[in-house]
Structures are given as C-alpha cells and as structure tokens.
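User: I'd like a close look at one part of this model, with enough of the overall picture to place it. Here it is.

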Amino acid sequence: MNLELTEEQAAVRELAADFVNREVVPNAAAWDRAEQVDQGIVKKLGALGFLGLTIPEEYGGSGGDHLAYVLVTEELGRGDSSVRGLLSVSLGLVAKSINHWGTEDQKQRWLPRLCAGDALGCFALTEPGTGSDAGNLTTRAVRDGDHWVINGAKMFITNGTWAEVALVFARTGEPGDPEQAGHKGVSAFLVPTDTPGLTRTTVHGKLGLRGQPTAELVFEDVRVPADAMLGPEGKGFNVAMSALAKGRMSVAAGCVGIIQASLDAAVAYATQREQFAKPIASHQLVQEMLADIKVELDAARLLVWRVADLIERGEPFQTESSVAKLYASEAAVKAANTALQVFGGYGFIDEYPVGKYVRDARVMTLYEGTSQIQKLLIGRALTGVNAF
Ligand SMILES: Cc1cc2nc3c(=O)[nH]c(=O)nc-3n(C[C@H](O)[C@H](O)[C@H](O)COP(=O)(O)OP(=O)(O)OC[C@H]3O[C@@H](n4cnc5c(N)ncnc54)[C@H](O)[C@@H]3O)c2cc1C
C-alpha cells in the first residue's frame, strides 16, 4: 500500500478540509441543538464534486478514486458526523449501488441528480422487527402486471425525509418456497419518495447525529413500475451486502474524522488549561490520554486506507472493511470519551465540542452492522463457519 497521496488526492483533501473548517465546524453545534443541519449543505457538497466521487463523469460524477472518497469522508466526519452521514448514505450506499447494479436508464435518471446534490438518496433495509437479521425482512413486493406493489415498514432510515429516491429492499419470493426463503427472496427497488402510499415520519430524540434526518417509512400499496427493480429479481440481498461492504469503509472513515477532531480538541485544551500552576499537558497522565488517542487514530486510519487500496486494486476487501469498521468505530467511542476526560467538567457541557463527539460516535458501533455482527463476519471469513 502506497501511503503517499497523489497530487489529486492531496488537493481534494485540502478542498474538503477548507470547506469543513469554513462551512461545517462553525455551525455543527447549532445544527445539533436545532436537530437539523442546514439543508443547503447538500447542494454545496454536490457543487464541490464530493457527492459524485468515484462515479463516472458521464453520469454527472466527479471521478476520483476510493482513497479520495475516504479522505473527503474523514474530513466531513471531523466536522460533523451528521453531514458525513448524508454523503455516506446518498453517495456511498445509493449512488454507488445504482452505478454498480443499475440499467442505463436508471443511471441516467438518478445519478446526475444525486451527484449534483439536487437530490438525496436513502437506503431502506432495516425494519422495526429486523435489524441485524436483515435477511428476514418482511416488507413485501407483489407483482401486478407491469408493476410491483410494496407493503411494509422501514425503520431508522438516514436521509429518509429528505430523500428523493429510496433504495428499498422487499421480499418478492413466493411464500412457502424454501428456494426463496430468507435473503434469497429479497429484491431491491428504486422508489421515488413522492410515490402515493409512502409515508415518512421523522424519528426524534436521537442521542447523536441529531442534525441528520432519520425516518420511519411506511409503504401502503406503493406501486412502482417493473423497471424500478435494481439488479436481478431475488438478488436484492446481494445489492444490500455489496453496498454495505463499501459503506462500512465510509463509516470507518467518518470515525477517523471523529478521532482526529477529538485529538485536535484535546491537545488544544491540554496545552492551554492550567492546573497545579502548569498546563495540564505537562502532567504525564494527561499526555498518556493524548497518546492513547493518537495511536487509535493512526491505526484506524491505516485500516481504512487499506480498504480503499484493496478496492482500487480489484482485490477482495469485504473482511478488511469489517475489520476497519469494527476497529474505527470502537476507537472513536473510546477516543471521544478520552477527549472528554481531558476537558474535565467543561467536557460535559456543550460549550465545547467533545460531548457531541461522544454522542455522535456512539451510533457507529451500531449501524451498518453492529460490532457483534462485524465479529461474526470476520469469524466466518477466518473459519468458514457461519455462527449467526
Ligand atoms: C441513527 C441511525 C441511523 C440508521 N440509518 C439506517 C439506514 O439509513 N438504513 C437502514 O437500513 N438502517 C439504518 N439504521 C439501522 C441500523 O443499521 C440498525 O439499528 C442495526 O443494524 C442494528 O439493528 P437493530 O437496531 O434492530 O438491533 P438488533 O439487531 O435487535 O440487535 C440488538 C443487539 O443484539 C445483538 N445481536 C443481534 N444478533 C446477534 C447475533 N447473531 N449474535 C450476536 N449478537 C447479536 C446486536 O449486536 C445488538 O447488540 C440506522 C440506525 C440508527 C440508530
């Protein structure tokens, strides 16, 4: 793995860092309190080309490689995990899936709008009764002539209320057919969110990611044309898993951003705050806390960059993506918590950003596969034994 950035990668990282310092960091606390980031940020992310990274230019994308994508995602995660999540879902899970699995018509219809930030996408897999066990989802799509009719509910859907298109996973297999049971009977659909019968309700009261719209989606006889199916019939779970394998790299990159932000804040505070007539940075136990965060930062970053490198080289990367997500998410929780410790009592009030880092980091070990699920994936890759 070459750790030296190309000129292009360095330039996109600088562009992202500058954008985050100007447009995101100064607003993050207010967006968190208001429970909503400024929706105008989406268009700005599009204008800078961030929402089109790795998507071919012929579909409105901005090209770039997966390390460039990771670098931008890290920077957004440093600024505000809510903003980072908008991009990880709309580009990382939805646009990339359309680019990989879509027909020419689907690509032409959705990718230019998603890449420009004229529209957001959401990824609707989780249901009220199926989270980790996503292959047993119960939302059903039934064929009716040249349409599919979808009924069911989806839970905790990021971008849900803002999205123009939902990538929805529904059961199309014949009930009772063992060949189509579980994940084998699932198909994926691109559903415009203004389709009659689709209701979207904001989930309030989140511990973190408060600026980001999270929604419950309810489908009551939602009719979509047959050509709304993404990928082959019965291969929806493959669509979902291929999206999440890369998505986990994106979440992990966001976690690297949280760890970097935690370290920056802790170092700045420790060198300025005085106790016992000297900066707290000169107490060895405080330096230990800073060193612990730094080690986690470097380790997490290298694991994430390795995934990007494997993808670019066309090598298998799925297990390495789980390793990076597991490590970086647990490290982000620890790092944010340690940074709060460095701040003492001031860390506990929202005048300083570290409390928000703790709250935002907490979800990272839960979504896109919990830490327990990542361990089962890694264990299965090591042993060939499915322990789910
Ligand atoms: C803010 C937020 C945003 C989200 N965004 C999206 C989104 O955009 N799209 C989407 O589809 N979903 C989204 N999710 C859902 C998220 O992916 C799920 O919450 C997650 O997969 C866990 O599912 P669950 O909450 O149902 O927990 P459960 O699956 O009920 O798990 C509960 C606990 O049991 C453990 N557990 C479960 N099964 C096993 C097992 N076999 N072995 C060991 N332990 C196990 C889990 O690790 C966990 O600790 C989001 C969630 C949140 C909180």
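User: What share of the 388 residues in the chain is buried? After that, please zoom in on M229 and the backbone around the strands.

Analyst: Buried residues make up 54% of the 388 in the chain, where buried means under 20% relative accessible area, exposed over 50% and partly exposed in between, with a 1.4 Å probe and protein chains only. A word on the ground rules: this is a predicted model, in which local features need pLDDT of at least 70, side-chain atom pairs count only at pLDDT 80 or more, and totals for chains, interfaces and linings use all residues. Residues are numbered from 1 along each chain as its sequence is written, and side-chain values use heavy atoms, with hydrogens and water left out.

Now the frame. The chain has 11 helices and 10 strands; these are DSSP runs numbered from the N terminus, helices being H or I with at least four residues and strands E with at least two. Its C-alpha trace spans about 80 × 45 × 40 Å along the principal axes.

On to M229, which sits in strand β8 (residues 229-230). M229 counts as buried because its relative accessibility is 12%. Setting aside neighbours within four places in sequence, M229 is in contact with Q106, W148, S187, A188 and F189, contact meaning heavy atoms within 4.5 Å. F169 is 60 residues from M229 in sequence, with 9.7 Å between their C-alpha atoms. For the chain as a whole, take the contacts between residues at least 6 apart in sequence: 74% of them join residues at least 24 apart.

Two backbone spots deserve a look too. F156, in strand β3 (residues 147-158), has a positive phi of about 60° despite not being a glycine. With a relative accessible area of 53%, F156 is exposed. L209 belongs to the loop between β6 (198-202) and β7 (214-225), and its phi is also positive, near 50°, again in a residue other than glycine. L209 has a relative accessible area of 5%, so it is buried.

Positive phi turns up after helices as well. Helix α8 (residues 284-312) has 29 residues and should span 42 Å at 1.5 Å a residue, which agrees with the 42 Å between its end C-alpha atoms; the expected span is 1.5 Å times one less than the number of residues. G314 follows α8, with a positive phi near 75°. Helix α9 (residues 318-342), with 25 residues, should span 36 Å, and its end C-alpha atoms are 36 Å apart, so the two agree. Just after α9, G344 takes a positive phi of about 60°.
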